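Got your viewer open? Let's take a short walk around this chain, one selection at a time.

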Amino acid sequence: MTDISKDEVRREATAILKDADLITMLTEKVKKRIEKKLDVNLTARREEVDDLVIECLQEKQDGEKKRNKAANEGSDDRKDEEEEDSEEKEREEEKKPARRSPTKKTSSKRKEDSSASKESVSDSDIDED
């Protein structure tokens, strides 16, 4: 048997699946596995197997939809609770008296600078006399 590359296998699989009816392919594979496992021939019951496979797939899909929906509703409930908590905190903050900012004190450096400039003005006024 010759070794073939992954790309060659991919090309062949793509070619087969290109025009294939995936349900038919799936049901045939399932039928063959049942036949092998139970050591029976289901050729005469092909349609029955097809219907059962489709039914099983539908049940699986419906179950996944229900789980996804329940998970989404659960996350919606958590979001609602978070929003309610946030709104409650906002209401509590509104009830609290507003804080006043501390009054600003003039720095002593500014006072010194301004008195020094007054003195210098006074000194210059005296020199001119």
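Start with the whole chain shown as a surface: about 12,800 Å² is exposed, and carbon and sulfur atoms supply 49% of that. Of the chain's 129 residues, 5% count as buried. Keep in mind as you look around that this is a predicted model.

Now switch to a cartoon view. You'll find four helices and zero strands, so the pattern along the sequence reads α-α-α-α.

Next, colour by pLDDT. The chain averages 77, with 66% of the residues scoring at least 70. Where is confidence highest, and where is it lowest? Helix α2 comes out on top with a mean of 92, while helix α4 (residues 108-128) sits at the bottom with 51. Where pLDDT is low, don't read the predicted coordinates in detail.

Time to zoom in on helix α2, residues 22-38. Select Lys29, Arg33, Lys36 and Lys37: together they form a patch of positive charge on the surface. Click on Lys37, which belongs to helix α2. Is Lys37 buried or exposed? It is exposed, because its relative accessible area is 74% and anything over 50% counts as exposed.

For the last stop, select Ile16, Leu17, Leu22 and Met25. These make up a nonpolar surface patch of about 380 Å². Helices α1 (6-18) and α2 are the elements that each give two or more residues to this nonpolar patch. Pick out Leu22, found in helix α2: with a relative accessible area of 53%, Leu22 is exposed too.

Definitions and conventions. Residues numbered from 1 in each chain as written. Predicted model: local features only at pLDDT ≥ 70, side-chain atom pairs only at ≥ 80, totals over all residues. Heavy atoms only, no water. Patch = residues over 30% accessible without salt bridge, like charges linked within 9 Å, V, L, I, M, F, W, Y side chains within 5 Å. Areas by Shrake-Rupley, 256 points an atom, 1.4 Å probe, with all protein chains shown as cover. Salt bridge = Lys/Arg side-chain N within 4 Å of Asp/Glu carboxyl O. Lys, Arg positive; Asp, Glu negative; His and termini not counted. Charge placed at Lys NZ, Arg CZ, Asp CG, Glu CD. Buried < 20%, exposed > 50% of the residue type's maximum accessible area, 1.4 Å probe, protein only. pLDDT = per-residue confidence, 0-100.
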